[in-house]
Amino acid sequence: HAYQSHIFNLELSGRIKSGDLSGELNLVGYNSELSDFQLSILDKDGLSKENLRIKSFPEASISGSKRKCIAEIKNFSYSIKNNSLNLTFDLEKGSYATVLLHELMKS
């Protein structure tokens with residue numbers, strides 16, 4: 001799943017640079033229709049999408065799905081007490097608080 005996220009993040013970085021964050025991107029898996037970009041990453045790493053199906057350990061297999069380019073942040077609030085910042089928020093499944101915090105620190 002980390003490899004799947006890695007490919008998603010590489011493709012998302014390209015979308016950020018182009019300014020197009022609309023829609024969804026593939027989370028690469030053995031059932032995915034892959035973009036040329038995704039195919040090139042798998043090829044560079046010596047893999048194919050079929051390698052993401054592990055017959056001897058099906059629980060670790062990755063079938064693929066889609067994920068939005070932009071995650072919705074819900075219930076965001078903050079407080080400052082004793083020179084400490086406390087943030088509270090909810091993110092959708094598959095979204096990471098570390099990425100949100102990184103982006104907040106850049107602003």
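**Close-up 1. The hairpin of strand 3 and strand 4 in the predicted model.** Strand 3 and strand 4 are joined as a hairpin with 2 residues between them, and within this turn Asn82 adopts a positive phi of about 50°. The pairing of strand 3 with strand 4, the latter spanning residues 84-91, runs in the antiparallel sense and comprises 7 bridges. Among the paired positions is Ser77, whose bridge partner in strand 4 is Thr88.

**Close-up 2. A nonpolar patch on the surface of the predicted model.** Ile73, Phe76, Tyr78, Ile80, Leu85, Leu101 and Leu104 together make a nonpolar surface patch of about 700 Å². Two elements, strand 3 (73-81) and helix 3 (97-106), each give two or more residues to this patch, and the largest share, 4 residues, comes from strand 3. Ile80, a residue of strand 3, counts as exposed because its relative accessibility is 62%, where the cut-off for exposed is over 50%.

**Close-up 3. The largest pocket of the predicted model.** The largest pocket holds about 690 Å³ of space. It is lined by 22 residues, of which Leu12, Cys69, Ile70, Ala71 and Val99 are the closest to its centre. Helix 1 (2-18), strand 2 (65-68) and helix 3 are the elements that give two or more residues to the lining, and helix 1 gives the most, with 6 residues. Helix 3 thus appears in two of these views, as a contributor to the nonpolar patch and to the lining of the largest pocket.

Conventions: Residues numbered from 1 in each chain as written. Predicted model: local features only at pLDDT ≥ 70, side-chain atom pairs only at ≥ 80, totals over all residues. Heavy atoms only, no water. Patch = residues over 30% accessible without salt bridge, like charges linked within 9 Å, V, L, I, M, F, W, Y side chains within 5 Å. Areas by Shrake-Rupley, 256 points an atom, 1.4 Å probe, with all protein chains shown as cover. Salt bridge = Lys/Arg side-chain N within 4 Å of Asp/Glu carboxyl O. Buried < 20%, exposed > 50% of the residue type's maximum accessible area, 1.4 Å probe, protein only. Pairing = 2+ DSSP bridges. 1 Å grid on protein atoms, 1.4 Å probe; cavity = no way out; pocket = protein on both sides within 12 Å on 5 of 7 lines; lining within 4 Å. Points joined across faces, edges and corners; volume = space filled by probe spheres on them.
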